[in-house]
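The following note collects points for a colleague who is examining the structure shown below. The points are numbered so that each may be checked on its own against the coordinates.

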Amino acid sequence: MKAKNMLDEAGIPYTYSDVVKDSAALYRMIPEVKAHIGLKTPVTVPQIWLEGEYIGGADNLEKWLKDRSHAQTPDNVVDFGERMLLNALKIQTKSPQY
């Protein structure tokens, strides 16, 4: 439930598969997870994929969400495109002239 709550709070849509109740989903999940974690590592739940990327469990999701939030442009920044951004950076890096 921790992972579902984090995704809900982040506003990220997801599809939930209960591998305890749906054995077919469990048998589809195990080989996919084992390819990432290794054959000898036990598979735990939840196992999370987002945007085609294997995330792992809830702790990994928490880290992914933190990293993602730092990589996003704050919503109070206007995107004028690459050229305007480069010009703005050039202006900001010039020394003030008095």
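1. Ser-17 has a relative accessible area of 42% and is therefore classed as partly exposed, since that class lies between the limits of 20% and 50%. The residue sits in the loop that joins helix 1 to helix 2. Along the chain, Ser-17 and Gln-47 are 30 residues apart, and their C-alpha atoms are separated by 10.0 Å. Please note that the model is predicted, and that every value in this note is to be read accordingly.

2. Both of those residues recur in the description of the largest pocket, whose volume is about 700 Å³. Its lining comprises 24 residues, and the ones closest to the pocket centre are Thr-15, Tyr-16, Ser-17, Pro-46 and Gln-47. Helix 1, helix 2 (23-37) and strand 1 each contribute at least two residues to the lining. By class, the lining of the largest pocket consists of 16 nonpolar, five charged and three polar residues.

3. Pro-46 deserves a separate check of its backbone. Is the peptide bond from Val-45 to Pro-46 cis or trans? The bond is cis, with omega near 5°. Pro-46 belongs to the loop between helix 2 and strand 1. As a general matter, most peptide bonds are trans.

4. A second backbone feature concerns Glu-51, a residue other than glycine with a positive phi, near 55°. Glu-51 is located in the loop between strand 1 and strand 2 (53-56). Its relative accessibility is 71%, so Glu-51 counts as exposed, the threshold being over 50%. In general, most residues other than glycine have a negative phi.

5. Leu-50, which is part of strand 1, should be considered next. Why does Leu-50 count as buried? The reason is its relative accessibility of 7%, because burial requires a value under 20%. When neighbours within four places in sequence are set aside, Leu-50 is in contact with Leu-7, Ile-12, Ile-55, Leu-61 and Trp-64. For one of these partners, Leu-61, the separation is eleven residues in sequence and 9.3 Å in space, taken from C-alpha to C-alpha.

6. Leu-50 and the five partners just named are members of the largest nonpolar core. That core has eleven residues, and its other members include Ala-3, Met-6, Ile-48, Ala-58 and Leu-65. At least two residues of this core come from each of helix 1 (2-10), strand 1 (48-50) and helix 3 (58-71). Helix 3 provides the largest share, namely four residues.

7. Ile-55, another member of the largest core, offers a useful view of its surroundings. Which residues does Ile-55 touch, not counting those up to four places away in sequence? They are Ile-48, Trp-49, Leu-50, Asn-60, Leu-61 and Trp-64. Apart from the largest core there lies another one, of five residues, including Val-19, Ala-25, Met-29 and Tyr-54.

8. Helix 3 also holds Glu-62. With a relative accessible area of 32%, Glu-62 is partly exposed. Leaving out residues up to four places away in sequence, Glu-62 touches Lys-2 and Met-6. Glu-62 and Met-6 are 56 residues apart in sequence, whereas their C-alpha atoms are 7.4 Å apart in space. Met-6 itself is one of the residues of the largest nonpolar core.

9. Some totals for the protein chain complete the picture. The protein chain contains four helices and two strands, and these follow the pattern α-α-β-β-α-α along the sequence. Of its 98 residues, 20% are buried. Among contacts with a separation of 6 or more, 30% are between residues 24 or more positions apart. The protein chain exposes about 8,300 Å², of which carbon and sulfur atoms supply 55%.

Terms used. Residues are numbered from 1 along each chain as its sequence is written. This is a predicted model: local features need pLDDT of at least 70, side-chain atom pairs count only at pLDDT 80 or more; totals for chains, interfaces and linings use all residues. Side-chain values use heavy atoms; hydrogens and water are left out. A nonpolar core is a set of buried Ala, Val, Leu, Ile, Met, Phe, Trp, Tyr and Cys residues joined through side-chain atoms within 4.5 Å. Buried means under 20% relative accessible area, exposed over 50%, partly exposed in between (1.4 Å probe, protein chains only). Contact means heavy atoms within 4.5 Å. On a 1 Å grid over the protein atoms alone, a cavity is a set of points where a 1.4 Å probe fits but cannot get out, and a pocket is an open set with protein on both sides within 12 Å along at least five of seven lines; lining residues have an atom within 4 Å of a point. Grid points are joined across faces, edges and corners, and a volume is the space filled by probe spheres set on the points. Ala, Val, Leu, Ile, Met, Phe, Trp, Tyr, Cys and Pro count as nonpolar, Asp, Glu, Lys and Arg as charged, and the others, Gly among them, as polar. Accessible areas come from the Shrake-Rupley method with a 1.4 Å probe; for residues, only the protein chains shown count as cover.
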